[in-house]
Amino acid sequence: MDILNSVSLESNSQIKINFDGGDLSSDAGLLLFKEFLFKIGAVKLINRMFKTNDTAWSRIHKDDANLMQVIYQIISAYFEDDCADELTNEPVMTAILAKDALAFQPTLSRFYNRMDEDTLRQLNQITRELRKVIYSIKKPEFMLFDIDSTLLDAYGNQEGEGFNYHYQAHGYHPLLCYDGLTGDLLKAELRDGTMYCSKEADIFMKSLLDEFIYIPLLSQPWKWNPTRYFSSIAAEARWKISSKKARAVLTLPL
């Protein structure tokens, strides 16, 4: 069916030109990502469980929508806060968030400033709930806790940054735990740059151990191997955790 306002070229009548096409976007892949999040219930979960300690009576851009916008921006490689200003009317972004316009950078900055220990606990709980959903589809037979620290470079007088002697650089020194078999990130914690690699690793691991010991997430029963450790961080965590079962930790089950 021909479009009424299209123009055919006299040199080739098979070629038609139209200047009233729809909106263009290079981020159409986000539509599939939104569908994935919707199917696993992540959107409803964030809407139900995530809320900052906001004292304002009303806001146009709600906390859950701000968080989803940040997630979509990161997935699309828009890592800088200023990118929000350029994406304000991006057609795919506005469609998946069901908004006429996205939050500007100052709005996101105020959103970040409202985050505190409560919101961190909420995010950890959301991660745990999503893990239950994923593992309910297919339970892993084995899991290997792979703990390590890394350096996040920081420049200027940033809160919490410091000189790390291990890396010989300024920045933050976060602690990470992956499933060593699948590469899934299980937990992350941002720490001061001066903090020693294995400091408080036992506290960091406790919530994961509680989750996987007392919740039947794996398809095989637990078998504890007390002899294999993959770093000094793992070894220190092993000796500090008080539970007798949890002392033989980090190699599950082999």
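Ala 77 is partly exposed in this predicted model, with a relative accessible area of 46%. That value falls between the 20% limit for buried and the 50% limit for exposed, which is why the residue gets the middle label. Along the chain, Ala 77 belongs to the loop that links α3 (63-75) with α4 (83-86). Its backbone deserves a glance too: the phi angle of Ala 77 is near 70 degrees, a positive value in a residue other than glycine.

Where else does a residue other than glycine have a positive phi? Glu 200 is such a residue, with phi near 60 degrees. You will find Glu 200 in the loop between β8 (185-189) and α8 (201-214). Glu 200 counts as partly exposed, at 36% relative accessibility.

Here are the two residues together:

| Residue | Phi | Relative accessible area |
|---|---|---|
| Ala 77 | near 70 degrees | 46% |
| Glu 200 | near 60 degrees | 36% |

Now for a sheet. In what order do the strands of the open three-stranded sheet run? The order is β4-β6-β5, and the pairing is antiparallel. At the edges are β4 (152-153) and β5 (162-164), each of which pairs on one side only. In general, strands of a sheet are held in pairs through backbone hydrogen bonds, in either a parallel or an antiparallel sense.

A closer look at one pairing helps when you browse the model. Three bridges join β5 to β6 (residues 169-172) in the antiparallel sense. Gly 162 has Gly 171 of β6 standing opposite.

Technical notes. Residues are numbered from 1 along each chain as its sequence is written. This is a predicted model: local features need pLDDT of at least 70, side-chain atom pairs count only at pLDDT 80 or more; totals for chains, interfaces and linings use all residues. Side-chain values use heavy atoms; hydrogens and water are left out. Two strands pair if DSSP finds at least two bridges between them. Helices (H or I, at least four residues) and strands (E, at least two) are DSSP runs, numbered from the N terminus. Buried means under 20% relative accessible area, exposed over 50%, partly exposed in between (1.4 Å probe, protein chains only).
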